[in-house]
Amino acid sequence: MKVGLVLSGGGARGISHLGAVKALTEHGIKPDIISGTSAGAIVGAMLAYGYSPDEILEILIKSSFIRYIRPAFGGSGLLRIGRVENLCCKYIPENSFESLKIPLVVNATDVCAGETVYYRTGELARPVLASCCLPGIFEPLEVGGRQLVDGGVLNNLPVEPIEHEVDYIIGIHCNPFPVKEHVCGTRDVLMRSLIMAVHNRTKERFVKCHLLIEPPQLCDYQVFDLRKAQDMFKLGYLHTRQLLEETPALVGV
C-alpha cells in the first residue's frame, strides 16, 4: 500500500510535524511521497532527503535563521527571505528535487496569476522558500518568472497533487482554529477573519485524509515562537502516539 504524507503550513508550529512523524515511524509507518507547504515544505524537504525528525529538530534549533533575513526597504514586504537559500543548500547541497530519497511536492501561490503552483522537479531551495513567503512579512520570491508567496494562501493542506498517486493519505495539520468567547479590536477581527477564510478551505481537504493529525493544544503556541521548539515537537509526538494507540483501525497500512 502506497502512503502519502501531507504537511500543512503553520510557522514555528510546523515543528510539531517532526514529533508526529517520529511517532508514525515508530509505528512502522513511512511515507512513499510527501506533499508540503510553507513550514511543511521545509520539514518535508528535510525528511525526504533522509534526515530523521530528531536530526531536523536539532538543525532548526541551532540554525540562526535571523541572520540570513534582510529588511526589504521600499519593497512589497518587510523582509527578504532569499538569502536563506544558502542555509538550505548547507543541509541539502545538491539543491534538487531529484536528490531526495522520497518524492516531494511543494506548493506556492503565484500572487500575480492568483493560482497555486506545484513543484516536484528541478531546483529545490527557492520553491521551498517561496512556499514560506508569508504575504506582508516577506517579499514575494521569484521562481521561473513567477512572483510567489506562501502556498498556504490558497492551499494549506496540499492533498491534491498526490491524492491519485497513493492508497492512503496521512494529513498533519498544525493550525487548529481557536474558539474565543470575545473578539476585541479591529486588528483581532481582521486577523481572525483571514484565518477563518484559510481554515475553511483547509477543512474541505480534511475529508480526503484517511488519517488526520491535528494536535488541538497547538493553539497555545505562537506561529513565530521558535523558543518553544522542543515543546511543540513533544506535543506532536505525544498526540500522534496517543491517536495511533486509541484508534489503530484507522491505520490500514
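A disulfide is taken here as a pair of cysteine sulfur atoms within 2.5 Å, and a search of the whole structure, which is a predicted model, finds zero disulfides. The same kind of whole-structure search finds two cavities of 30 Å³ or more, the largest of them with a volume of about 210 Å³. The points below take up the cysteines, the two cavities, helix 2, and two buried loop residues, serine 8 and glycine 151.

**Cysteines**

- For cysteine 133, the closest cysteine sulfur belongs to cysteine 132 and lies 7.2 Å away, which is too far for a bond because a disulfide needs the two sulfur atoms within 2.5 Å.
- Cysteine 133 is buried, its relative accessible area being 0%, whereas cysteine 219 is partly exposed, with a relative accessible area of 27%.
- The sulfur of cysteine 219 has its closest cysteine sulfur in cysteine 174, at 11 Å, and this separation is likewise too far for a bond.

**The largest cavity**

- The cavity of about 210 Å³ has a lining of 17 residues, and those that lie nearest its centre are Ile42, Met46, Leu87, Cys88 and Ile92.
- Two or more residues of this lining are given by each of helix 2 (39–49), helix 3 (53–62), helix 4 (84–91) and helix 5 (125–130), and the largest share, five residues, comes from helix 4.
- Sorted by class, the lining of the largest cavity consists of 15 nonpolar and two polar residues, with no charged residues.

**The second largest cavity**

- The second largest cavity holds about 40 Å³ of space, and its lining is made up of Val3, Leu5, Val21, Leu24, Thr25, Ile29, Lys30, Pro31 and Ile170.
- Strand 1 and helix 1 are the elements that give two or more residues to this lining, and helix 1 gives the most, with three residues.
- In the lining of the second largest cavity, seven residues are nonpolar, one is polar and one is charged.

**Helix 2**

- Helix 2, which is among the elements that line the largest cavity, is mostly covered, with 10 of its 11 residues buried.
- The buried residues of helix 2 are Ala39, Gly40, Ala41, Val43, Gly44, Ala45, Met46, Leu47, Ala48 and Tyr49, and of these Met46 is also one of the residues nearest the centre of the largest cavity.
- Just after helix 2, glycine 50 adopts a positive phi of about 125°.

**Two buried loop residues**

- Serine 8 sits in the loop between strand 1 (3–7) and helix 1 (15–26), and its relative accessibility of 0% places it among the buried residues, because buried means under 20%.
- Beyond its neighbours within four places in sequence, serine 8 is in contact with His17, Thr37, Ala39, Gly40, Asn156, Leu157, Ile172, His173 and Cys174; Ala39 and Gly40 from that list are buried residues of helix 2.
- Glycine 151 occupies the loop between strand 9 (146–149) and strand 10 (168–172), where glycine 151 is buried with a relative accessible area of 0%.
- When residues up to four places away in sequence are not counted, glycine 151 touches Thr37, Asn107, Ala108, Thr109, Ser131 and Asn156, and Thr37 and Asn156 also appear among the contacts of serine 8.
- The C-alpha atoms of glycine 151 and serine 38 are separated by 6.1 Å, although the two residues are 113 residues apart along the chain.

Terms used: Residues are numbered from 1 along each chain as its sequence is written. This is a predicted model: local features need pLDDT of at least 70, side-chain atom pairs count only at pLDDT 80 or more; totals for chains, interfaces and linings use all residues. Side-chain values use heavy atoms; hydrogens and water are left out. Helices (H or I, at least four residues) and strands (E, at least two) are DSSP runs, numbered from the N terminus. Buried means under 20% relative accessible area, exposed over 50%, partly exposed in between (1.4 Å probe, protein chains only). Contact means heavy atoms within 4.5 Å. On a 1 Å grid over the protein atoms alone, a cavity is a set of points where a 1.4 Å probe fits but cannot get out, and a pocket is an open set with protein on both sides within 12 Å along at least five of seven lines; lining residues have an atom within 4 Å of a point. Grid points are joined across faces, edges and corners, and a volume is the space filled by probe spheres set on the points. Ala, Val, Leu, Ile, Met, Phe, Trp, Tyr, Cys and Pro count as nonpolar, Asp, Glu, Lys and Arg as charged, and the others, Gly among them, as polar.
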